[in-house]
Amino acid sequence: MDSNPHDPVIEVTGLRRVYGSGFEAVRGITFSVARAEIFALLGTNGAGKTSTVELLEGLAAPAGGRVRVLGHDPHAERAAVRPRTGVMLQEGGFPSDLTVAETARMWAGCVSGARPEAEALDRVGLTRRSGVRVKQLSGGERRRLDLALALLGDPEVLFLDEPTTGLDAEGRRDTWELVRSLRDAGTTVLLTTHYLEEAEDLADRLAILHEGRIAASGTPVEVTADRPAGITFRLPSGYFPGDLPPLAQLGVCAHEITGRTVHLSTRELQRTATGLLTWAERAGVELHGLDMRSASLEEAFLQIAGEREVAA
Ligand SMILES: Nc1ncnc2c1ncn2[C@@H]1O[C@H](COP(=O)(O)OP(=O)(O)OP(=O)(O)O)[C@@H](O)[C@H]1O
């Protein structure tokens, strides 16, 4: 059976992974990725990202649930799926005495219908390093070589496990640009990342994994939408927190006051901000260092990650 162009390219339902020790690293997760979509899996260390991606790549069979890539079971039907996917692992593990060009040539020999090696190296900006031995590359250059090799087969689906770890800011931005251009050309991309900024900037949709389960998922905007926004300011001398209007009436759901510094959390930023500024205007109070911001992905992530410590 092959996939319909409108079907999800990756479909995961109730997926579980249990290691030999009996440890359940992936505890029944469900998500799907559409064609030409960038989907990010985020999570704290040990959340189960790599364990999940390995199941999608067909490297292991799930302990439960179902995974389909391009309409196939990637483990049982590996021969049907593997030629259409590109995989960038966390550790490429290439012979370190070969040059960049030799490594790409060797890898191309294992890929059916491979694109020219020079083209793949050019796409990741490694052309000038073609003659350099792999062991002499920087960590960031190795990541770029890993990416070039994943692109050799011109894959329909690309799995990127922490693609920008070790890259400097410019290298990271170049990689994002490349991933976006691949998506725009129709490639489906599933990536894992530790960089929240990367997921916020790059991902069309994402899932935050926490202890083997999906704690939040959706577009970056959806994932942050139900998190409270924050307002921070300092009261001038002569004013005290007790002088503020009743906070609950302003829509404040939590607050923290340290000395004269006030931090308010609200799910109704506009209402709270209007009430606060109206009060300040009428009372002739200047709110020093006033800062108002919607919840960021980082805050959503930290709240989810913090739930472990609270629960522990
Ligand atoms: N081969 C294994 N045997 C037993 N437990 C394992 C094995 N591989 C991973 N684990 C455990 O499974 C859990 C999930 O690991 P995984 O590598 O999938 O997490 P991750 O989200 O990718 O973490 P990181 O961000 O640190 O790469 C961890 O608790 C890890 O210790």
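This section describes the overall architecture, the nonpolar cores, selected helices, the ligand shell and the backbone outliers of a predicted model.

The protein comprises 312 residues, of which 38% are buried. Its secondary structure consists of ten helices and 13 strands. Taken along the principal axes, the C-alpha atoms fill a box of roughly 75 × 45 × 40 Å. According to the domain assignment, residues 10–223 form domain 1 and residues 228–294 form domain 2. The centres of domain 1 and domain 2, computed over C-alpha atoms, are separated by 44 Å. Among the contacts with a sequence separation of 6 or more, 68% join residues that are 24 or more positions apart.

The largest nonpolar core contains 64 residues. Ala 40, Leu 42, Ala 148, Phe 159, Leu 190, Leu 206 and Ile 208 have the most contacts inside this core. Helix α5 makes the greatest contribution to the core, supplying six residues. Apart from this core lies another, of eight residues, which includes Ile 231, Leu 250, Val 262 and Leu 276. The surroundings of Ala 148 were examined in further detail. When neighbours within four places in sequence are left aside, Ala 148 is in contact with Ala 104, Ala 120, Leu 121, Arg 123, Val 124 and Leu 126.

Ala 104 also appears among the buried residues of helix α3, which spans residues 100–108. Together with Ala 104, the buried set in α3 comprises Val 100, Thr 103 and Trp 107. These residues lie on the same side of α3, because they cover an arc of only 95 degrees around the axis. In general, an α-helix has 3.6 residues a turn, so residues three or four places apart point the same way. The elements covering the buried residues of α3 include α4 (117–123) and α5.

Helix α1, formed by residues 49–56, is mostly covered, with seven of its eight residues buried. The buried positions in α1 are Lys 49, Ser 51, Thr 52, Val 53, Glu 54, Leu 55 and Leu 56. After α1 comes Gly 58, which has a positive phi near 80 degrees. Helix α1 also gives the most to the shell around the ligand, contributing three residues. Lys 49, Thr 50 and Ser 51 belong to this shell, as do Gly 43, Asn 45, Gly 46, Ala 47 and Gly 48. The remaining residues around the ligand are Tyr 19, Ser 21, Phe 23 and Ala 25. By class, the shell is made up of seven polar, four nonpolar and one charged residues.

Positive phi values were also examined in residues other than glycine. Leu 70 has a phi near 55 degrees and is located in the loop between β4 (64–69) and α2 (78–81). Leu 70 is classed as buried because 21 other C-beta atoms lie within 10 Å, the threshold for this class being 20 or more. Asp 154, likewise not a glycine, has a positive phi of about 50 degrees. Asp 154 is placed in the loop between α5 (139–151) and β6 (157–161). With 16 C-beta neighbours inside 10 Å, Asp 154 is therefore partly exposed.

How values were computed
Residues numbered from 1 in each chain as written. Predicted model: local features only at pLDDT ≥ 70, side-chain atom pairs only at ≥ 80, totals over all residues. Helix = DSSP H or I, 4+ residues; strand = E, 2+ residues; numbered from the N terminus. Buried ≥ 20, exposed ≤ 12 C-beta atoms within 10 Å, placed from the backbone. Core = buried A, V, L, I, M, F, W, Y, C linked by C-beta atoms within 7 Å. Contact = placed C-beta atoms within 7 Å. Near = placed C-beta within 6 Å. Nonpolar A, V, L, I, M, F, W, Y, C, P; charged D, E, K, R; others polar. Domains from an automatic or database assignment. Arc of directions from axis to C-beta.
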